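Below is a colleague's note on one chain, set out as numbered points. Please read it with the structure open.

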Amino acid sequence: MLLERSTTVTARPSPPRRRAAGLVAAGGVLLLVTAASVALGAKPIPPSGVWHGLFAYAGTDTDVVVRDLRLPRTLLGLLCGAALGLAGAVMQALTRNPLADPGLLGVNAGASAAVVSAISFLGVTSLTGYVWFAFLGAAVVSVGVYALGGSRTATPVRLALAGTAVTAALYGYVNAVQLLDTAALDRMRFWSVGSIAAANPDAVRQVLPFLVVGTLLALALARPLNAIALGDDTARALGAHLTRTRILAMAAVTLLCGAATAACGPIVFVGLIVPHLVRALTGPDMRWILPYAMVLAPVLLLGSDVIGRLVTRPSELQAGIVTSLIGGPVFIHLVRRRRTAAL
């Protein structure tokens, strides 16, 4: 009996093994959602048609829908979902606030202000133009927020306050320009709700380098962010370089969220909800939170996009609207639970 009990205890997987198994399971879910994104849509296509469009392309209408429309849309959803999940996890670790959002640094507001300016004053109409202007606006605003937050003396609270103030000012500017320029309002309307429906291979290629660099940078910051989560004094005692870590973390958030926002528009709640839920599965270790968020955030974004295609056939509901409908009640539940725990 003693031998059997000892063997049973030893056979139980350790927490790291359970986390690894969970990450593999999350990868399986992502594969299923990815397959659904390619196979399902406003136009019903049988599995044989999907297979033909992917591997035996002959230029038929079905082939064009699968390879030229759904495949780039799925790839962009995978890339931008992973980027938003990583950006949210880094943002929450940097501010030590599990309910923080990547937009807290003004990234979404900077991108929106740059795009509406390009549309209204420069006549930009293509997604290619949106990408570069949105990314530039996100980068400039992130640097400005860091400067307003105190630069080397910046703290999570100062960064959050500076980001909130800049975001309010920029969205006021965006609304003013749209009210004065109806053409800008019409062109911004589709982009501002958040969508991957207009994806094309060029958009994927343009944002890919920024997303790759941002992803590598975010993953490399896992250990320093773990130290910062313990508080500034403890982090210094552990040898963490606070200023350098915060600068690099803001750079990672800018690259990830800026590029994703440029390509898809300001999609909300993905970077907020996924890291928070992942933390309940993995604990506070950023070495596990970041990979989990990178895998599960695309599940939410692509799943929302698939739902939007199916519920209003033959028209579509944009992914940003679906994520808001899903994320709003979840966010309210999280806030109420945290308030209840604080009483």
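1. Leaving aside neighbours within four places in sequence, which residues is Leu-242 in contact with? The model is predicted, and in it the partners of Leu-242 are Ile-228, Asp-232, Ala-235 and Arg-236. Leu-242 belongs to helix α12. Its relative accessibility is 7%, so Leu-242 counts as buried, the limit being under 20%. For one of these partners, Asp-232, the C-alpha atom is separated from that of Leu-242 by 7.4 Å, with the two positions 10 residues apart along the chain counted as their separation.

2. Some totals for the chain. The secondary structure consists of 15 helices and 0 strands. The chain has 343 residues, and 49% of them count as buried. Among contacts with a separation of 6 or more, 76% join residues 24 or more positions apart.

3. The largest nonpolar core has 79 residues. The members that touch the most other members are Leu-76, Leu-105 and Met-286. With neighbours within four places in sequence left aside, Leu-105 is in contact with Met-91, Val-141, Val-145, Leu-159, Gly-163, Met-250 and Val-253. As background, nonpolar side chains in soluble globular proteins tend to be buried together.

4. Val-145, one of the contacts of Leu-105, also serves as a reference point for Arg-158. The C-alpha atoms of Arg-158 and Val-145 are 9.2 Å apart in space, and the two residues are 13 apart in sequence. Arg-158 is part of helix α7, residues 156-180. Arg-158 has 43% relative accessibility and therefore counts as partly exposed, the class between 20% and 50%.

5. Next, the helix pairs. Two packed helices are described by the angle between their axes and the distance between the axes. For helix α9 (residues 201-220) and α12, the angle is about 150° and the axes are 8 Å apart. This makes α9 roughly antiparallel to α12, because the angle is over 145 degrees. The crossing of α9 and α12 is left-handed.

6. Which residues of α9 and α12 meet? On the α9 side they are Val-207, Phe-210, Leu-211, Val-213, Gly-214, Thr-215, Leu-217 and Ala-218. On the α12 side they are Leu-248, Ala-251, Ala-252, Leu-255, Leu-256, Ala-259, Ala-260 and Ala-263. Sorted by class, this contact of α9 with α12 has 14 nonpolar residues, 2 polar residues and no charged residues.

7. Between α12 (242-264) and α13 (270-282) there is a loop, and Phe-269 is found in it. The phi angle of Phe-269 is near 75°, which is positive although the residue is not glycine. Phe-269 has 18% relative accessibility and so counts as buried, since the limit is under 20%.

8. Helix α4 (residues 61-95) and α13 have axes that come within 8 Å and cross at roughly 70°. An angle from 65 to 115 degrees counts as roughly perpendicular, and α4 and α13 therefore fall in that class. Their crossing is right-handed. From α4, the contact uses Gly-81, Leu-84, Gly-85, Gly-88, Ala-89 and Gln-92. From α13, the contact uses Val-270, Gly-271, Leu-272, Pro-275, His-276 and Arg-279. By class, these residues of α4 and α13 are 5 nonpolar, 6 polar and 1 charged.

9. The axes of α13 and helix α14 (residues 286-311) come within 9 Å and cross at roughly 130°. That angle makes α13 oblique to α14. The crossing of α13 and α14 is right-handed. The residues of α13 in this contact are Val-270, Val-274, Val-278, Arg-279 and Thr-282. Those of α14 are Trp-288, Ile-289, Tyr-292, Ala-293, Leu-296, Ala-297 and Leu-300. The contact of α13 with α14 divides into 10 nonpolar, 1 polar and 1 charged residues.

10. Is Pro-291 buried or partly exposed? Pro-291 has a relative accessible area of 21% and is partly exposed, because buried means under 20%. Pro-291 lies in helix α14. Leaving aside neighbours within four places in sequence, Pro-291 is in contact with Leu-23 and Met-286. Pro-291 and Leu-86 are 205 residues apart in sequence, with their C-alpha atoms 8.0 Å apart in space.

Methods: Residues are numbered from 1 along each chain as its sequence is written. This is a predicted model: local features need pLDDT of at least 70, side-chain atom pairs count only at pLDDT 80 or more; totals for chains, interfaces and linings use all residues. Side-chain values use heavy atoms; hydrogens and water are left out. Helices (H or I, at least four residues) and strands (E, at least two) are DSSP runs, numbered from the N terminus. Buried means under 20% relative accessible area, exposed over 50%, partly exposed in between (1.4 Å probe, protein chains only). Axes are lines fitted to C-alpha atoms, for helices over the stretch in contact, and angles run from 0 to 180 degrees between N-to-C directions. Angles under 35 degrees count as roughly parallel, over 145 as roughly antiparallel, 65 to 115 as roughly perpendicular and the rest as oblique. A crossing is left-handed if the near helix is turned anticlockwise from the far one by less than a right angle, and right-handed if clockwise. Contact means heavy atoms within 4.5 Å. Ala, Val, Leu, Ile, Met, Phe, Trp, Tyr, Cys and Pro count as nonpolar, Asp, Glu, Lys and Arg as charged, and the others, Gly among them, as polar. A nonpolar core is a set of buried Ala, Val, Leu, Ile, Met, Phe, Trp, Tyr and Cys residues joined through side-chain atoms within 4.5 Å.
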